[in-house]
Amino acid sequence: MAEPSAGSEAGGGGAQPRQADRLRDILRSPGYLKVLVFCALIGIPVSLASFWFLVGLHELEHVLWVDLPRGLGWSAAPWWWPLPLLLVAGLIVAAVATRLPGEGGHIPASGLHTGGVSSRALPGVVLAAAASLPFGAVLGPEAPLIALGGGLALLFRDLVRAPATPQSTALLGAAGAAAAVAAIFGSPLVAGVLLIEVAGVGGPQLFAVMLPALLSSGVGAVIFTGFGRWTGFDTGGLSLGLAASSPRLDAGDVLWSLLMAVAIAAVLHGVLALARRAAAYVRTDVPVRTVLCALGAAVCAAVYALVTDRSPADIASSGQATLSELAAHPHSWGVGALVAVLVCKGVAYALCLGSLRGGPIFPALFLGAAAGVLLAPLPGLGVVPGMAVGMAAACAATLRLPVSSVVLVVLLLGSSDMIPVVILAAVVAFVTAELLPVGPAPAARADADAGR
């Protein structure tokens with residue numbers, strides 16, 4: 001092998017010190033340190049605001065879906081209950097989108113965004129989210145929280161009359177969004193990783209480098225843990241020896257994880273294509289078609305309740321509470337109920353993504369978990385690996401954020417036992433979704449208005 005030249009050695013050896021010197025210069029600059037301290041302080045009011053925002057959404061949802069039906073004499077919400085609630089949601093969101101600055105936030109079908117909204121747009125964001133989520137929109141609270149956190153951070157900067165530079169705007173917006181997102185996921189790690197990927201730090205090159213490393217680590221984990229179990233030898237890992245109820249992975253889990261990831265990614269890709277078409281449909285006549293899409297989602301919930309004799313809230317909600325029920329009692333859901341919830345919630349999800357206001361994460365997680373439970377009887381699979389693979393594949397295919405999907409699913413599982421198949425499913429689903437044809441993009445007018 002040829003020896004490297006002195007010039008190349010010097011060039012290669014000098015690049016890393018130069019980068020380190022540049023980082024030290026940034027950290028030592030008074031402007032950056034001031035922004036860093038302000039970001040730390042801004043997390044306090046943003047977290048408090050996010051907490052009470054989520055509490056308000058939860059309490060209102062309980063009143064609308066539990067207290068009010070019982071007060072009217074029903075033991076649970078009847079099958080037609082989503083129809084008036086989502087009608088009200090559609091009317092309010094349509095009014096906000098046409099009359100208030102920022103249109104109540106960006107259209108969920110366009111994905112997650114980190115740009116902080118202006119102070120003028122914040123009332124519309126809060127009102128549209130409060131009208132969508134508790135009233136039964138098949139969306140989660142993460143997108144309004146990102147907008148709320150970033151907008152509040154910029155509002156506080158303006159109130160204290162801090163310098164408004166492009167760097168401070170980007171840093172404060174990201175810091176406020178991360179503090180708000182941490183409130184819903186209960187983990188600053190998930191919030192940090194999610195915001196890094198959503199902001200596109202590193203661009204396409206980051207994903208190009210990250211995917212092989214992530215996939216290789218997943219395959220390596222399968223081989224390493226499997227080989228250790230087969231031989232009976234121990235390498236003295238860093239495990240704390242905590243009790244775990246998850247089954248051990250085997251070859252069947254790995255094989256099914258790959259096949260399931262491709263299938264789930266293809267289905268979710270179709271759901272997102274339908275969502276983009278719904279967004280384009282709504283854009284041509286916002287007041288009327290927002291209401292029509294909201295009513296379409298309500299019809300899906302009502303049909304599901306009539307067919308399965310289960311609660312329409314299984315469909316007309318983010319799926320956060322129903323996901324816990326599904327994980328705790330997966331065998332209480334028959335095959336018919338699982339198929340019905342996948343079809344009805346998938347269509348309602350697409351309609352809400354294109355018309356109402358909220359985030360895409362929790363419904364995607366629920367759809368993936370339901371698909372995993374439905375496919376769990378496959379030979380060599382099982383409920384826990386099936387749910388883990390389904391959630392990872394659905395989340396990665398929907399968000400196009402593979403690392404965030406892995407971290408989030410592992411956090412939800414509360415165990416590291418499923419990490420190998422979670423990684424494999426997330427990477428395969430991400431690549432599958434990226435290689436499938438891209439449908440029509442939703443209009444970006446709301447995103448542009450939100451920044452004003």
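Okay, let's start with the overall fold: the protein chain has 17 helices and zero strands. Keep in mind that this is a predicted model.

The chain runs to 452 residues, and 48% of them count as buried. Now, about who touches whom. If you take the contacts between residues at least 6 apart in sequence, 78% of those join residues at least 24 apart.

Let me pick out one helix, H3, which covers residues 82-99. How far apart should its ends be? With 18 residues at 1.5 Å a residue, H3 should span 26 Å, and its end C-alpha atoms sit 25 Å apart, which agrees.

So which residues of H3 are buried? Here's the list: Pro82, Leu85, Leu86, Ala89, Gly90, Val93, Ala94, Val96 and Ala97. They cover an arc of only 165 degrees around the axis, and that places them on the same side of H3. If the spacing in that list looks familiar, here's the background: an α-helix has 3.6 residues a turn, so residues three or four places apart point the same way.

H3 comes up again when we look for empty space inside. As a reminder of how that's done, rolling a probe the size of a water molecule over the atoms shows where empty space is left. In this structure, there is one cavity of 30 Å³ or more. The largest cavity holds about 80 Å³ of space. It's lined by 13 residues, and the closest to its centre are Ile107, Val282, Val286, Ser355 and Arg357.

Where does that lining come from? At least two residues each are supplied by H3, helix H9 (251-283), helix H10 (286-308) and helix H12 (335-355). By type, the lining of the largest cavity has seven nonpolar, three polar and three charged residues.

Last stop, a pocket. The second largest pocket has a volume of about 780 Å³. There are 29 residues lining it, and those closest to its centre are His58, Glu61, His62, Ser317 and Ala321. Two elements give two or more residues to this lining: helix H2 (30-71) and helix H11 (320-328). Which one gives the most? That would be H2, with nine residues. And the make-up of the lining of this second largest pocket is 15 nonpolar, nine polar and five charged.

So, if you're opening the model now, try H3 and its buried side, then the largest cavity that H3 helps to line, and then the second largest pocket, with H2 as the top contributor to its lining.

Methods: Residues numbered from 1 in each chain as written. Predicted model: local features only at pLDDT ≥ 70, side-chain atom pairs only at ≥ 80, totals over all residues. Heavy atoms only, no water. Helix = DSSP H or I, 4+ residues; strand = E, 2+ residues; numbered from the N terminus. Expected span 1.5 Å × (residues − 1). Buried < 20%, exposed > 50% of the residue type's maximum accessible area, 1.4 Å probe, protein only. Arc of directions from axis to C-beta. 1 Å grid on protein atoms, 1.4 Å probe; cavity = no way out; pocket = protein on both sides within 12 Å on 5 of 7 lines; lining within 4 Å. Points joined across faces, edges and corners; volume = space filled by probe spheres on them. Nonpolar A, V, L, I, M, F, W, Y, C, P; charged D, E, K, R; others polar. Contact = heavy atoms within 4.5 Å.
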